[in-house]
Amino acid sequence: MNLWQTFEKKNCSDFENHGISFHYEKGIDNNLKKLYLSFSKWLRKDYVFPVHINIYILNCEKIRLRNGNMSYGCFRWYPNKTPLIKIPSSIEKELLKEYTTEEIYEQILSSLVHELTHYYQWVLDLSQSNATSERQANYYRYRIIEKFYNSQ
């Protein structure tokens, strides 16, 4: 199954679009914020979000998960509440020694795609192992980013 293709607007007659909302903390780099805005417009134009999703763009390098581990993103859902994604979007200074700012932006955006893949897995109520879900999210991470950049 091509998970993201299932939710392309041309293939989604069975799904009502309830949308996606982005929320930004103060201090997010202006160029990164412009990239997020461009990406969000592209997502809204090309994909359906059957259950409304809130995306929080945080001004930190990593976020702490419930298990105590640090991560570059998380997807959460709750009964009777809007699901959410948190994406840390502050650039680690050490990374600037190895990568360009554009490469780091692409990695941050790919973390968002990874979490959005978990959202679509949740919407479809896929019964699969955690390892399979992670492999699938990593598979789409770069394919969706490539599709976005090719559309620009």
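Biologist: Which residues in α3 meet which residues in α4?

Modeller: This is a predicted model, so take what follows as read from a prediction. On the α3 side you have Glu106, Gln107, Leu109, Ser110, Ser111, Val113, His114, Thr117, His118 and Gln121. Facing them in α4 are Ser133, Glu134, Gln136, Ala137, Asn138, Tyr140, Arg141, Tyr142, Ile144, Ile145, Phe148 and Tyr149. By type, this contact holds 9 nonpolar, 10 polar and 3 charged residues.

Biologist: How do you know that Leu109 of α3 and Tyr140 of α4 belong on those lists?

Modeller: To count as contact, heavy atoms have to be within 4.5 Å. Leu109 and Tyr140 are both among the residues where α3 meets α4.

Biologist: Why is α3 called oblique to α4?

Modeller: The axes of α3 (residues 101-123) and α4 (residues 130-151) come within 8 Å and cross at roughly 125 degrees. Roughly perpendicular covers 65 to 115 degrees, roughly antiparallel needs an angle over 145, and oblique takes the rest. An angle of roughly 125 degrees fits neither of those two groups, so α3 is oblique to α4. The crossing of these two helices is right-handed.

Biologist: What makes α2 roughly perpendicular to α4?

Modeller: Here the axes of α2 (residues 30-46) and α4 cross at roughly 95 degrees, coming within 11 Å. The window for that label is 65 to 115 degrees, so α2 counts as roughly perpendicular to α4. Leu35, Ser38, Phe39 and Trp42 are the α2 residues in this contact, and they meet Ile144, Ile145, Lys147, Phe148, Tyr149 and Ser151 in α4. Sorted by type, that gives 7 nonpolar, 2 polar and 1 charged.

Biologist: What angle do the axes of α2 and α3 cross at?

Modeller: Roughly 35 degrees, with the axes coming within 11 Å. This crossing is right-handed. From α2 come Asn31, Leu32, Leu35, Tyr36, Phe39 and Leu43, and from α3 come Tyr105, Ile108, Leu109, Leu112, Val113 and Leu116. The split is 11 nonpolar, 1 polar and no charged. If Tyr105 or Tyr36 puzzles you there, Tyr counts as nonpolar in this scheme.

Biologist: Now for charges. What makes Glu8 and Lys147 a salt bridge?

Modeller: A side-chain nitrogen of Lys or Arg has to lie within 4 Å of a carboxyl oxygen of Asp or Glu. For Glu8 and Lys147 the closest N and O atoms are 2.2 Å apart, and the pair qualifies. The two residues are 139 apart in the chain: Glu8 sits in the loop between α1 (3-6) and β1 (20-24), and Lys147 sits in helix α4.

Biologist: Why is Glu8 called buried?

Modeller: Buried means under 20% relative accessible area. Glu8 has 11%, so it counts as buried. Its partner Lys147, at 33%, is over that limit but not over the 50% needed for exposed, so Lys147 is called partly exposed.

Biologist: How many salt bridges does a search of the whole structure find?

Modeller: It finds 3. Apart from Glu8 with Lys147, there is Asp46 with Lys45, where the closest N and O atoms are 3.0 Å apart. Then there is Glu94 with Lys97, at 3.2 Å.

Biologist: How do you know whether Asp46 is buried, partly exposed or exposed?

Modeller: Its relative accessible area is 21%, which puts Asp46 in the partly exposed group, given that buried stops at 20%. Lys45, with 56%, is exposed. Glu94 at 52% counts as exposed, and Lys97 does too, at 65%.

Biologist: Where does Cys12 lie, and is it buried or exposed?

Modeller: Cys12 is in the loop between α1 and β1. With 5% relative accessibility against the 20% limit, Cys12 counts as buried. Setting aside neighbours within four places in sequence, Cys12 is in contact with Thr6, Phe7 and Val48.

Biologist: What is the phi of Asn80?

Modeller: Near 60 degrees, a positive value in a residue other than glycine. Most residues other than glycine have a negative phi. Asn80 is in the loop between β5 (74-76) and β6 (84-88), and at 84% relative accessibility it counts as exposed. Asp125 also has a positive phi, about 55 degrees, without being a glycine. Asp125 is in the loop between α3 and α4, and its 63% puts it over the 50% cut-off, so Asp125 is exposed.

Notes
Residues are numbered from 1 along each chain as its sequence is written. This is a predicted model: local features need pLDDT of at least 70, side-chain atom pairs count only at pLDDT 80 or more; totals for chains, interfaces and linings use all residues. Side-chain values use heavy atoms; hydrogens and water are left out. Axes are lines fitted to C-alpha atoms, for helices over the stretch in contact, and angles run from 0 to 180 degrees between N-to-C directions. Helices (H or I, at least four residues) and strands (E, at least two) are DSSP runs, numbered from the N terminus. Angles under 35 degrees count as roughly parallel, over 145 as roughly antiparallel, 65 to 115 as roughly perpendicular and the rest as oblique. A crossing is left-handed if the near helix is turned anticlockwise from the far one by less than a right angle, and right-handed if clockwise. Buried means under 20% relative accessible area, exposed over 50%, partly exposed in between (1.4 Å probe, protein chains only).
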